[in-house]
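User: I would like a close look at one part of this model, set in the context of the chain around it. Please take your time and connect the pieces as you go.

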Amino acid sequence: MEKRLFAELGLSPESLKAVDKMGFEEASPIQSATIPVALTGRDLIGQSSTGSGKTAAFALPAIEKTDPHLRAVQVLILCPTRELAVQVAEEVAKLSFFKRGLHAVPIFGGQSYERQYRALAAGAQIVIGTPGRVMDHMERGTLKLDKLRVAILDEADRMLDMGFRDDIDRILSASPKERQTLFFSATMPREIQQLINKHSKDPELIKIESVAQNAPQVDQVYYEVERRSKIEVLTRLIDLNDFRYGIIFCSTKIMVDELDEHLHSRGYATDRLHGDITQMQRTRVMEKFRRRGFEFLVATDVAARGLDVDDLEVVFNYDLPNDGEDYTHRIGRTGRAGKSGRAITFVAGRELYKLQSMVRYAKIKIRRENVPSLDQVEEARENVFFEKLRSTLDAGEFFKQDRMIDRLLEQGYPSTDIASALIHLLINGDKSAEKSFAAPVAKDVPSFVAAKMTPPAAPARAKDWSDEDAPRAVPQRQRTKKKYDAPARTGREAGMVQLQMNVGRKHLVTPADVVGKIAGVTRLPGNVVGAIDIHENHLFVDVAQDSAELVLEKLNGIRIKGELLKVTKAEPQG
Ligand code: ADP
Ligand code: MG
């Protein structure tokens with residue numbers, strides 16, 4: 001599949017300028033192959049997949065063949081639908097931008113004859129129309145083909161599918177024999193061959209084996225969604241599937257701005273592209289997106305067109321594209337490079353009919369799915385977490401936390417409860433973070449555990465808790481690490497204070513009694529208790545400075561071995 005520069009194809013300076021203005025850098029394979037042939041005047045059949053640039057492939061030579069000074073129809077382009085006729089007319093207008101005096105007009109059913117007649121009467125040289133309406137104008141005498149130089153059939157296969165065979169036959173039969181005929185189609189069924197045999201002279205067949213035809217699988221689904229629920233459903237689907245890299249297509253610039261802001265405020269890493277964004281900014285956004293500097297690009301079709309990323313996990317059609325071609329073009333950005341991609345389309349209200357017609361004409365394979373419930377999203381989140389946990393365990397990618405775990409086990413907490421509590425803290429991280437803002441130490445959670453496990457209080461997206469790379473988590477980790485680094489084992493441990501109790505050997509109190517009471521009453525881990533020095537009538541016990549107040553408060557007045565406890569801070573010893 002050879003690509004050439006437009007400048008090598010034999011086009012006029014005006015056309016080259018127009019192509020450049022449209023931002024095309026080089027000719028696509030079908031353009032490279034057909035334009036030089038078409039310029040020689042030979043009939044041809046161009047076959048290539050959707051989105052391969054067939055429009056410019058026939059429009060550029062057609063424009064070159066048109067005499068702007070002659071006010072008569074010289075080029076007729078037949079298209080299957082009004083949408084396509086309008087689109088092709090727009091492309092022709094752009095490609096002929098620097099050809100002064102050249103006018104193109106789309107004619108299609110549903111628009112008043114009056115308006116179309118005026119454009120024709122004003123001397124349009126290029127007519128782009130659906131076969132039915134073209135026939136109508138011919139029969140009314142408002143469209144004359146006696147000066148026709150080039151007849152083009154765009155999407156010939158679809159026109160036949162739609163039953164335009166007879167109309168096409170009659171239109172071509174009514175036009176001058178010496179005209180040039182160009183057939184363009186994505187497929188070449190036998191019927192087209194018959195049409196070609198009848199209406200062209202020794203045509204050259206130019207077939208481009210397309211990427212799209214052996215395109216990898218794109219899993220396509222659609223959801224019927226009320227307009228106002230779209231954002232909710234979108235975020236659910238992102239969370240449910242744990243998507244991290246994709247484009248979300250909207251139909252307007254305003255929608256792009258709105259959605260980008262909404263997603264951003266919900267904690268998704270997004271950026272946007274549309275026509276009002278400066279070229280410099282655009283380049284920056286595209287660059288960043290290619291580097292995966294953010295997760296989701298919110299964009300209009302036009303803005304995303306120059307973006308050459310193709311390894312997206314997902315393409316969302318937040319708004320339905322204009323037609324099957326745009327649809328195929330959009331979803332072609334996912335699932336390349338041998339990976340399977342996902343395309344998710346939202347359909348609101350009457351858009352369902354539009355989708356159905358796209359499915360019919362563009363042979364799209366798409367299935368309907370129900371909007372996932374919140375429960376399903378929860379379940380999926382759980383599964384994602386489960387998998388992460390398991391792979392962390394399998395890979396052994398964690399620091400051993402024996403000290404902390406031993407403390408808990410020592411106090412008789414079953415290991416399954418310990419693990420459950422940790423998972424609870426991780427999953428409900430956001431909530432405990434808010435709580436711990438109000439009361440720095442969560443009530444029944446040891447302070448260092450809370451500090452360790454509590455993610456930042458920022459309105460983080462629900463799944464951020466499991467994101468190992470989240471930069472925000474780093475200071476947390478470092479800060480807490482210090483706290484349970486092994487303190488010096490000699491003498492009084494750093495950060496400990498000594499308390500005195502009014503019980504001793506006489507009362508048959510053992511160290512285990514002391515630790516057990518402190519831990520049991522305060523719910524602090526046993527290891528906040530350090531050295532215990534038991535005398536005949538009293539004892540000294542070291543406790544973590546942080547916990548001293550709590551121990552004093554909770555243990556004063558309770559009984560140990562039947563004795564009413566009095567706990568005080570020990571006098572500093574010389
Ligand atoms: P087809 O008719 O083969 O399905 P189109 O002519 O509709 O494809 O082109 C698909 C898209 O590619 C259009 O948006 C068109 O503007 C764009 N395009 C066409 N040729 C080029 C090119 N040489 N460089 C960049 N974009 C192009
Ligand atoms: Mg086309």
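Which residue follows α6, and what is the sign of its phi?

Analyst: The model is a predicted one, and what follows should be read as a description of that prediction. The residue that follows α6 is G141, and its phi is positive, near 80°.

The helix itself, α6, spans residues 131-140, and its buried residues are P131, R133, V134, M135, H137 and M138. These buried residues pack against a varied set of elements, namely β2, β3 (104-107), α5, β4, α7 and α8 (165-173).

Of these partners, α5 can be described in detail. The axes of α5 (residues 113-121) and α6 come within 12 Å and cross at roughly 70°, which makes α5 roughly perpendicular to α6. On the α5 side the residues that meet the other helix are Y113, Q116, Y117 and L120, and on the α6 side they are R133, D136, H137 and R140. Sorted by type, the residues of this contact comprise three that are nonpolar, two that are polar and three that are charged. R133 and H137, both part of that contact, also appear among the buried residues of α6.

Another partner of the buried residues of α6 is α7, a helix of residues 156-161 that includes D157. Because its relative accessibility is 8%, under the 20% limit, D157 counts as buried. The side chain of D157 makes a polar contact with the side chain of T187, at 2.6 Å. Beyond its neighbours up to four places away in sequence, D157 touches S185, A186, T187, P189 and I192.

The strands β2 and β4, against which buried residues of α6 also pack, lead to the nonpolar interior. In the largest nonpolar core, which has 35 residues, I77 and I128 touch the most other members. Two or more residues of this core come from each of α2 (29-39), α3 (54-64), β2 (75-78), α4 (82-95), β4 (126-129), β5 (150-153) and β6 (180-185), and the largest share, seven residues, is given by α3. Once neighbours within four places in sequence are left aside, I77 is in contact with F58, V88, V92, I126, V127, I128, G129, I152 and D154. Apart from this core lies another, of 28 residues, whose members include L76, V127, I171 and L195. As general background, nonpolar side chains in soluble globular proteins tend to be buried together.

Strand β6, one of the contributors to the largest core, holds F184, which counts as buried because its relative accessibility is 1%. Leaving aside neighbours within four places in sequence, the contacts of F184 are with I30, T34, L44, G46, K54, A57, F58, L153, D154, E155 and A156. F58 and D154 in that list are also contacts of I77. F184 and S48 are 136 residues apart in sequence, yet their C-alpha atoms are 8.1 Å apart in space.

Helix α2, another contributor to the largest core, contains A33, which counts as partly exposed because its relative accessibility is 26%. The C-alpha atoms of A33 and I206 are separated by 7.1 Å although the two residues are 173 apart along the chain, and, with neighbours within four places in sequence left aside, A33 is in contact with I206 and I208.

To return to backbone angles, most residues other than glycine have a negative phi. Against that background, D202 has a positive phi, near 40°, and its place is in the loop between α9 (190-199) and β7 (204-207). D242 also has a positive phi, near 55°, and is found in the loop between α10 (230-241) and β9 (246-249). The surroundings of these two residues can be set side by side: D202 is exposed, with a relative accessible area of 59%, whereas D242 is buried, with a relative accessible area of 18%.

For the wider setting, the protein chain has 574 residues, of which 46% count as buried, and contains 23 helices and 20 strands. Among its contacts between residues at least 6 apart in sequence, 74% join residues at least 24 apart.

Methods. Residues are numbered from 1 along each chain as its sequence is written. Chains are lettered from A and ligands numbered from 1 in the order in which they are written. Side-chain values use heavy atoms; hydrogens and water are left out. Helices (H or I, at least four residues) and strands (E, at least two) are DSSP runs, numbered from the N terminus. Buried means under 20% relative accessible area, exposed over 50%, partly exposed in between (1.4 Å probe, protein chains only). A polar contact is a pair of N or O atoms within 3.5 Å; within protein, one must be able to donate a hydrogen and the other to accept it, and residues adjacent in sequence count only if both atoms are side-chain atoms. Contact means heavy atoms within 4.5 Å. A nonpolar core is a set of buried Ala, Val, Leu, Ile, Met, Phe, Trp, Tyr and Cys residues joined through side-chain atoms within 4.5 Å. Axes are lines fitted to C-alpha atoms, for helices over the stretch in contact, and angles run from 0 to 180 degrees between N-to-C directions. Angles under 35 degrees count as roughly parallel, over 145 as roughly antiparallel, 65 to 115 as roughly perpendicular and the rest as oblique. Ala, Val, Leu, Ile, Met, Phe, Trp, Tyr, Cys and Pro count as nonpolar, Asp, Glu, Lys and Arg as charged, and the others, Gly among them, as polar.
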